[in-house]
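This report walks through one structure for a reader at the bench. Sheets come before empty spaces, and record annotations and disulfides close the text.

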Amino acid sequence: MTIRRLLAGVAIALVAIPAYAQQPAVPGWAIGRPEGSTLAPHAPRLTVTPADQLPVSSLRLPPGFRAEVYAHGIPGARMMAEGPNGTIFAGSRAIGRVYAISRNGDGTTRTRIIAQGLPQPNGLVMIGNNLYVFAVNRVLRYDNIEANLDSVPAPVELTQAFALPTDADHGGNHSWKFAALGPDGRIYTNVGVNCNICETDRDKFALLVSFNPDGSDRRIEARGVRNSVGMAHHPATRELWATNNARDWAGNDWPDDTLHRVRRSGEDHGFPFCSAGRADPQYNASRDCSEFVQPAALLGPHVAALGMRFYTGTMFPEAYRNQIFIARRGSWNRERLSGYDVVVAHLDAQGNVSRIEEFMTGLRDDANQRFLDRPVDVHVMRDGSLLVSGEQLGAIYRISYQQ
Amino acid sequence: MRLRLLTATAALAVAFCGSTVAQDAARGGSLAAERCAACHGDNGRSQMPETPSLAGQHASFVTLQMILIREGIRQVPAMAAVTEGMADKDIEDLAAYFASLPPGPPDDRPARDAALYAAGEAVIGPRRCGVCHLPALTGREQVPRIVGQREEYLLRAMTEYRDGQRVGADAQMNSAMVGISNAEIAALAHFLAQHD
């Protein structure tokens with residue numbers, strides 16, 4: 001549409017139909033979004049992809065590592081949690097399912113759907129024998145789940161106890177949860193911001209929060225974190241670390257997604273005033289970015305840095321011990337694709353990030369600007385191997401190491 | 001429990017990224033004649049109020065919406081029984097069939113109201129419709145073709161997105177409809193329905 005035609009249309013509307021005279025202000029989600037852009041989220045794939053279509057042979061890893069398909073036929077599989085008997089549970093977003101993936105005697109896997117029809121059940125926490133599912137504001141506890149995979153009893157409803165903001169409170173934005181169990185026995189989760197970028201209630205949104213497992217004693221762990229879909233506690237220092245998705249529509253190369261280190265509960269990490277350590281072009285409100293906690297690392301613009309775990313196994317070389325594996329689901333709000341891989345954040349003796357290193361690549365086809373799968377979460381198995389969930393193709397890859 | 005469904009579709013060969021290479025549009029056509037045509041039209045152009053036309057709709061869009069309906073994420077009472085337990089392959093073949101049909105307006109499309117049409121056209125730019133639906137508003141992948149669609153269906157869909165009664169794979173449409181008035185939705189629906 002040309003500007004002239006558009007203006008003509010507005011003029012007709014103004015003259016002929018006064019009801020249309022009140023054109024809306026630019027809505028929050030459209031801030032910075034140029035009218036001529038055609039960047040949009042990539043289409044999800046929510047149907048089964050057969051094993052022989054999985055790009056496991058395209059995966060690139062450092063020497064000595066190998067990748068195999070651990071499980072497949074799990075459309076939309078995202079965040080993973082492991083039960084005491086080795087069942088891998090996987091949450092999802094759009095398809096609304098929670099999966100249970102158990103190992104058969106012959107090494108193959110069996111996948112069951114243990115919950116469905118839930119609103120974006122992305123956050124999973126295993127505490128003892130009980131699985132907690134966080135689906136936006138709904139919180140459900142499936143007791144003794146591994147003993148009941150074939151006939152899952154009704155869950156215990158904890159939604160009111162946690163009293164998380166509803167999807168309507170979020171306006172649909174960043175309402176899905178990541179959840180992790182802290183070394184203090186509390187459940188850590190995110191409350192994402194209710195927009196792309198906006199003035200928001202900073203006591204309600206853009207937070208990392210923790211609760212007792214019964215939903216009581218909410219505590220703000222970090223403020224001004226736009227949307228974290230990955231958290232873990234350092235195995236030695238017990239500090240909380242989190243990935244963060246930065247805002248859209250501020251250019252191809254800014255801001256970076258970030259890694260955050262929370263030294264004390266309640267620290268302010270600066271959103272929406274500052275992102276990736278720099279002033280926001282629309283929402284800085286004259287705040288000095290140095291007054292906020294700086295990101296522990298920059299993880300790349302628009303990469304969608306999501307699930308993260310400290311490597312606590314012994315299978316991988318010593319250099320990986322207590323380092324952070326991070327899944328980068330991959331960009332949409334960028335003209336050229338970025339991410340679609342797993343990286344390692346290496347920490348020095350002081351616990352500062354010394355470098356970000358590519359670990360699992362091969363899913364991003366730069367020449368053709370296509371991607372083969374989208375890594376969303378990582379999980380360290382008890383044998384020290386690393387699982388990587390691929391949401392786009394509904395697969396879980398297993399990475400092992402042999403000298 | 002849908003384990004049977006998961007394994008039953010494991011033989012399906014699919015090229016990635018929304019490609020419909022391996023889907024069987026002819027098989028989809030047979031399924032559509034049996035299950036879809038009564039409401040969505042023999043040629044995929046709906047003659048039934050409140051029921052969308054699917055002819056020329058993108059396969060990824062049809063597949064996604066049918067999965068959301070089958071899973072109970074998107075509530076469409078008239079579709080619940082049709083999609084219950086439907087295999088992924090059936091859905092993908094149906095989507096390939098509808099994508100192969102030439103799009104077009106319903107036979108009963110009413111006359112154009114020039115003022116309403118112009119008012120609707122004026123909302124397209126400020127609402128950034130073309131960013132996702134593309135400037136021609138013909139959509140791509142999971143984003144639907146919206147031109148030539150039934151007017152009352154468009155009106156209902158936009159209203160449901162605005163009011164949080166409908167969700168997609170993400171919240172893009174909910175965000176795009178924040179704060180829009182009923183009058184603007186009516187104008188948009190008229191413009192889109194009349195625009196080819």
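Two strands count as paired if DSSP finds at least two bridges between them. Strand β4 of chain A, residues 98-103, is joined to β5(A) by six bridges. The two strands run antiparallel. Note that the model is predicted.

## Two open sheets in chain A

The pair β4 and β5 belongs to an open sheet of four strands in chain A. Its order is β2-β3-β4-β5, with antiparallel pairing. At the edges lie β2 (80-82) and β5 (109-115) of chain A, each pairing on one side only. Neighbouring strands of this sheet are turned by 25 degrees against each other on average, direction ignored. Which residue of β5(A) stands opposite I101(A)? The residue is T111(A).

Another open sheet of four strands in chain A follows the order β21-β22-β23-β24. Its pairing is antiparallel. Here β21 and β24 of chain A are the edge strands, and each pairs on one side only. On average, neighbouring strands of this sheet are turned by 25 degrees against each other, direction ignored.

Within this sheet, β23 (residues 341-347) and β24 (residues 353-360) of chain A run antiparallel, joined by six bridges. Two facing pairs help to locate the register. V342(A) has M360(A) in β24(A) as its bridge partner. V344(A) stands opposite E357(A) in β24(A). The strands β23(A) and β24(A) form a hairpin with five residues between them. In this hairpin, G351(A) takes a positive phi near 80 degrees.

## Pockets and cavities

Rolling a probe the size of a water molecule over the atoms shows where empty space is left. The structure holds two cavities of 30 Å³ or more. The table sets them beside the second largest pocket.

| Space | Volume | Lining by class |
|---|---|---|
| Largest cavity | about 830 Å³ | 16 nonpolar, 16 polar, eleven charged residues |
| Second largest cavity | about 120 Å³ | nine nonpolar, eight polar, two charged residues |
| Second largest pocket | about 690 Å³ | 17 nonpolar, five polar, three charged residues |

Start with the largest cavity. It is lined by 43 residues. Nearest its centre lie R93(A), W176(A), R329(A), W332(A) and D170(B).

Which residues lie closest to the centre of the second largest cavity? They are H260(A), H269(A), C274(A), S275(A) and A276(A), out of a lining of 19 residues. Strands β16 (256-262) and β18 (274-275) of chain A each supply at least two residues of this lining. β16(A) gives the most, with three residues.

The second largest pocket is lined by 25 residues. Closest to its centre are E82(A), A180(A), L181(A), R309(A) and H379(A). Several strands of chain A each supply at least two residues of this lining: β2, β6 (121-127), β10 (179-181), β14 (231-233), β21 (305-310) and β27 (375-380). Two of these strands have already appeared as sheet edges. β2 of chain A is an edge strand of the sheet β2-β3-β4-β5, and β21 of chain A is an edge strand of the sheet β21-β22-β23-β24.

## Annotated domains

Both annotations below come from unreviewed UniProt entries. For chain A, UniProt gives "domain: Glucose/Sorbosone dehydrogenase" at residues 214-390. Over that span the model is 0% helix and 41% strand. The end C-alpha atoms of the span are 31 Å apart.

For chain B, UniProt places "domain: Cytochrome c" at residues 23-102. That span is 59% helix and 0% strand in the model. Its end C-alpha atoms lie 18 Å apart.

## Disulfides

How many disulfides does a search of the whole structure find? The search finds two over all chains. One disulfide is formed by C195(A) and C198(A). Their sulfur atoms are 2.1 Å apart. Is this link left-handed or right-handed? The link of C195(A) and C198(A) is left-handed, with -85 degrees about the S-S bond.

Definitions and conventions
Residues numbered from 1 in each chain as written. Chains lettered and ligands numbered in written order. Predicted model: local features only at pLDDT ≥ 70, side-chain atom pairs only at ≥ 80, totals over all residues. Heavy atoms only, no water. Axes fitted to C-alpha atoms, helices over the stretch in contact; angles between N-to-C directions. 1 Å grid on protein atoms, 1.4 Å probe; cavity = no way out; pocket = protein on both sides within 12 Å on 5 of 7 lines; lining within 4 Å. Points joined across faces, edges and corners; volume = space filled by probe spheres on them. Nonpolar A, V, L, I, M, F, W, Y, C, P; charged D, E, K, R; others polar. UniProt positions renumbered as here; feature names shortened; annotations may be inferred. Disulfide = S-S within 2.5 Å.
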